[in-house]
Protein chains: 2
Amino acid sequence: MNDVVSLKARRDRALGAGAALFYETPLHIVRGEGAYLFDAEGRRYVDMYNNVPCVGHANPRVAEAMAKQQATLNTHSRYLHEGVIEFAERLAALHGPQIESVVFSCSGTEANEVALRMARFATGRRGIVCTNATYHGNSELVGALTHVGGARPETGEVHAFPFPETYRPIREGLSEEALCEAYLERLEDAIARFQASGAGFAALIVCSIFANEGLPNVPAGFMARAAEIARAAGGLVIADEVQAGYCRTGRWWGYEVTGFTPDIVVTGKPMGNGLPLAATAASRSLVETFRAKTRYFNTFASSPLQAAVGMAVLDELKARGLRENAAAVGAPLKAALTQRKGAWGAIGDVRGEGLFVGVEMVKPGAGKAPDAALAIAMANRLKDKGFLTSNAGAYNNVVKIRPPLVFSHGDAEAFLEAFDQTVDELRGERRHG
Amino acid sequence: MNDVVSLKARRDRALGAGAALFYETPLHIVRGEGAYLFDAEGRRYVDMYNNVPCVGHANPRVAEAMAKQQATLNTHSRYLHEGVIEFAERLAALHGPQIESVVFSCSGTEANEVALRMARFATGRRGIVCTNATYHGNSELVGALTHVGGARPETGEVHAFPFPETYRPIREGLSEEALCEAYLERLEDAIARFQASGAGFAALIVCSIFANEGLPNVPAGFMARAAEIARAAGGLVIADEVQAGYCRTGRWWGYEVTGFTPDIVVTGKPMGNGLPLAATAASRSLVETFRAKTRYFNTFASSPLQAAVGMAVLDELKARGLRENAAAVGAPLKAALTQRKGAWGAIGDVRGEGLFVGVEMVKPGAGKAPDAALAIAMANRLKDKGFLTSNAGAYNNVVKIRPPLVFSHGDAEAFLEAFDQTVDELRGERRHG
């Protein structure tokens, strides 16, 4: 504990206070292995939060590929390098034929920035449509999409539509089909306002599974229709797969879950198992227009190091069947959590796919009123029991379960036990509080 | 050669044609060691271009630190980690007392973006002043500074002043002191126009040694006065040390060469010897204001991997005396190149500090008219002789010499021989052409 207090004080000066830390009492993590993290006192935590180390913390194949490449060659991309080309080819081949070429970068922010600029150059128009509770990164351009239309006003170049969901629908009492139409109307309206303003409509960008919105159940057919509408208005469809992709849902891509075909795909977090690595993939024509307009060059991207590590991650996902594992472990975990809904009115909903599950905490009997404080309390209690989760969603009230893809049935069972204990404790305290 | 042609065709599809490659016939580099790169046929090249591998290609200390950390722990920054704190402390300590805290990121672009936004939040104003031939990165915000006022018009939020130089001064016939005043007037004008427009003045940003401008000799005292003027107008002074810093000039920082004290320091390229790693350092107050306004979080930054690799680079710079090496090898190299000025009228000027030297190519007897084609021809010929340079500068006519800091006296002597041969060949061809 002294250790944590003194480190925190040093950190407040070295990084500036306000650099975010998880949990009421922060963790001092010193080692990772597979789905586990260990603190300075040797305590083991089951990591149910980190999607970056998708093939496991300290994965040997990745660490070896990284070490070998760094000890052989690591330069910028203005020399030919076969590994870089092969990695781009392998990435493109994971999509349909519309995706041919790749622009590598170092972060999801950079890759989303490339995607938005690519769409603007290709269409000659400026307007970007996103949801009202999204997050796509931290640059000035990409950061302008954060919660626009929700927590802050739209701009002349960014419009929002309410994210599609069935749990708190924008209109009550509609059939799923009619609800779908209601959301599509709001999307159409966001596009039409650009056409009226003169900015014009360049692109629709969504996280394919609406992760930051809280993993909503999306009305059937919404995304296919949304993509049609965007294209009919002359815009492009950008799938942000930074959280949704790379086997997280039990499928390779989130757009397979919500059922649409993107023009531009953005990937990031899990690509390098911790090495900064991100990509924007599209048709060759879109990529070449972008390159011609910008002469884009990224010193650290498209490097032999990114390629070697990125391919080791692809190899490891395949060799260990981690896509299949995400589906096989995630489905019963979600089912078991769904059973808990009835047991406690504070568990309003359980959603997600594969190894990405959200447990929505609400105030019992209060019309689904979000309870962010309860979600935060859950994450802190679960941490004390050795299980690392966080909270997310449009109302910050969704317990976010998103472990490395090496997470096992045994880990899930142990978690469920801790989850039940946590629920019992918090229920008891509320009754007597 | 077949190898190069077929790789190029694959690359044009996988990355999109237009992804830049160096040299008329691109190189297929497969290995690096110290100051050397090796192509697929085993040919050795002396690397005189790459500043990213500052402690040498495939540096063992860095590769080992990277391998060890990746095999131990590599997570995001919302857990406490002593290495991250220590690295930030060590970085801040390399500056004066005004620099206290660090925001880590993954690229110079991201770090400059943080710097500009930090200045805007701190001042509550929007206007950025840069030079008319600069480059600070590739995002929409930072890319708006590229050649503004030179190749493209100023915007309401970005104004340019002509970069200070003595070789092609903005007004002929002035004393150095009067020339300094003439440039300062242009800077004052750029600031004043913001004050008049209502945007207000937020920051002056410069590469501390004006690297992209072509490493000009700056009129004595210019930067100290420029910083005073910026501060008197309520703005902040941002030193972009992505190219200038980390011992490149024989001093730790470029601002020591041009003689000013920055409020915000941006570092990137050499920090991780190839690992994506960048930083924005400033007073704790500036950093905390930025953090409070943005809740900035960068998934891959402030990681144990960045810290371990970044500290290995600092250790290696010190252990091998590479700052001293840059000064000791760079000075005679520049002196020897300066001697060549008289021998060929096409060598208009030789400038730089430490291991960053620029040779300005001009059309002989044509009033210093820049000769970019000749600089490009020099780089291609030197490549054929086994020495990798490039061309840069406001007119693209400066042969850019910027080797890894492990570059030796012997490498410099071998280069000078190749340089003389190249000059002889090109002079001969011009005479007979």
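This report walks through a predicted model, from the domains of one chain to a helix pair and then to the way two chains meet.

## Two domains in chain A

Let's start with chain A. Its domain assignment gives two parts: domain 1 covers 2-55 + 321-432, and domain 2 covers 61-319. Take the centres over C-alpha atoms, and you'll find domain 1 of chain A and domain 2 of chain A separated by 26 Å.

The two parts do touch. On one side there are 25 residues of domain 1 of chain A, and on the other 28 residues of domain 2 of chain A. Looking at the domain 1 side, helix H11 (322-343), strand E11 (347-353) and strand E12 (356-361) of chain A each bring at least two residues to the contact. H11(A) has the largest share, with 5 residues. Sorted by class, that side of domain 1 of chain A has 13 nonpolar, 6 polar and 6 charged residues.

## A helix pair in chain B

Now hop over to chain B, where helix H6 (residues 176-197) packs with helix H7 (residues 222-232). Their axes are 10 Å apart and the angle is about 25°. Angles under 35 degrees count as roughly parallel, so that is the word for H6(B) and H7(B). The crossing of H6(B) past H7(B) is right-handed.

Who does the touching? H6(B) offers B:Cys180, B:Tyr183, B:Leu184, B:Leu187 and B:Glu188, while H7(B) answers with B:Phe222, B:Arg225, B:Ala226 and B:Ile229. By class, the contact comes to 7 nonpolar and 2 charged residues, with no polar ones.

## How the two chains are related

Turn chain B by 180°, with a shift of 0.0 Å along the axis, and it can be laid on chain A with an RMSD of 0.0 Å. That's the relation of a two-fold axis. Want a landmark for the axis? Try B:Ala67, which comes closest to it among the residues of chain B, with its C-alpha at 2.4 Å. Both copies use the same surface, too: 100% of the contact residues of chain B recur in chain A.

## Where the chains meet

The contact between the chains takes 77 residues from chain B and 77 residues from chain A. On the chain B side, several elements each supply at least two residues, among them helix H1 (2-16), strand E1 (29-33), helix H2 (60-70), strand E4 (101-105) and helix H9 (284-294). H1(B) gives the largest share, 9 residues.

As for the mix, the side of chain B that touches chain A holds 35 nonpolar, 24 polar and 18 charged residues.

Note on methods
Residues numbered from 1 in each chain as written. Chains lettered and ligands numbered in written order. Predicted model: local features only at pLDDT ≥ 70, side-chain atom pairs only at ≥ 80, totals over all residues. Domains from an automatic or database assignment. Contact = placed C-beta atoms within 7 Å. Helix = DSSP H or I, 4+ residues; strand = E, 2+ residues; numbered from the N terminus. Nonpolar A, V, L, I, M, F, W, Y, C, P; charged D, E, K, R; others polar. Axes fitted to C-alpha atoms, helices over the stretch in contact; angles between N-to-C directions. Parallel < 35°, antiparallel > 145°, perpendicular 65-115°, else oblique. Left-handed = near helix turned anticlockwise from the far one by under 90°. Least-squares fit on C-alpha atoms with pLDDT ≥ 70 in both.
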